[in-house]
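User: I'd like a close look at the charged pairs in this one, and at what surrounds them. Could you walk me through that part in one go?

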Amino acid sequence: MKKGYSVSFWFFWGGLLSGAAFLAFSLFIHSNLVKDTDHHQLLAVYSHRTPECTSVFTFIQQLGSKNTLFPILAAGGLYLILFKRLYDVVFLFSSVWGAYVINGLLKNYFHRPRPSFGMLLQENSFGYPSRHTMLAVAFYGGIGMLIWMNKKMSDFLLMKLALLTAAIILLIGFSMVYLGAHFPSDIMGGLLAGTSWLFFCGAWYQKARK
């Protein structure tokens, strides 16, 4: 079995499994168990707020905002086009813009309100799943995936890349909980949905460039 086919195969199944996990998790977001757990976790996070932490997490959440990511994506796309990396451009744009569109559709379907107390960051859309988290998975996860698929890396460097990517995504997600813009379960939904879409895009990319 060729390596390209093998990677594409596992990405595809990773997308299916992540998508199935998202659907299964979504069945319980309106349950009392999830609501109570979200409420207690929010109170625990709010109890550790400080002015310094608020400033830090206000900055971190901007790393997952469309106002930050879309201009960077456009500039990066132009750079890749100059070097005729068209598949890379299509992959990144499909990953990020696809996540943005899918997130809007999912928010309108689930109609889940955001937290009604302790909000330090005002957002007008529905809460589930988290858009910041989905975009972070699509953008930073997409960049990490491109680096991994185009550069020969040792297992040690690959682990460092994966940890760095995961840390950025999780910090962005946590920042939205800290600022009161999302329930923790919104972040979980964004992680699962974003990962599913990223894997599907990665499966296409790996097949298309072979």
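**Salt bridges and their surroundings**

Analyst: Let's start with a pair of charged residues: both Arg 112 and Asp 186 are buried, where buried means under 20% relative accessible area, exposed means over 50%, and partly exposed is in between (1.4 Å probe, protein chains only). Before going on, a word on the source: this is a predicted model, so local features need pLDDT of at least 70 and side-chain atom pairs count only at pLDDT 80 or more, while totals for chains, interfaces and linings use all residues. Residues are numbered from 1 along each chain as its sequence is written, and side-chain values use heavy atoms, with hydrogens and water left out.

Back to that pair. The side chains of Arg 112 and Asp 186 form a salt bridge, 2.8 Å from N to O; the term stands for a side-chain nitrogen of Lys or Arg within 4 Å of a carboxyl oxygen of Asp or Glu. Arg 112 sits in the loop between α5 and α6 and Asp 186 in helix α8, so their bridge ties together parts that are 74 residues apart in sequence. (Helices here are DSSP runs of H or I with at least four residues, strands are E runs of at least two, and both are numbered from the N terminus.) Asp 38 comes in too: salt bridges with shared partners join Asp 38, Arg 112 and Asp 186 into one network.

Searching the whole structure turns up four salt bridges. One of them links Glu 123 and Arg 131 through their side chains, at 3.9 Å from N to O. Arg 131 counts as buried, with 17% relative accessibility.

Then there's Asp 88, which is found in helix α5. Asp 88 has a salt bridge with Arg 85, and their closest N and O atoms are 2.8 Å apart. Asp 88 is buried at 6% relative accessible area, whereas Arg 85 is partly exposed at 34%. If you set aside neighbours within four places in sequence, Asp 88 is in contact (heavy atoms within 4.5 Å) with Leu 80, Leu 146, Asn 150 and Tyr 205.

Now for the greasy side. The largest nonpolar core has 48 residues, and Phe 22, Phe 91, Val 96 and Tyr 140 have the most contacts inside it. Such a core is a set of buried Ala, Val, Leu, Ile, Met, Phe, Trp, Tyr and Cys residues joined through side-chain atoms within 4.5 Å. Helix α6 gives the most to this core, with 10 residues. As for Val 96, not counting residues up to four places away in sequence, it touches Phe 70, Leu 73, Leu 135, Ala 138 and Phe 139.
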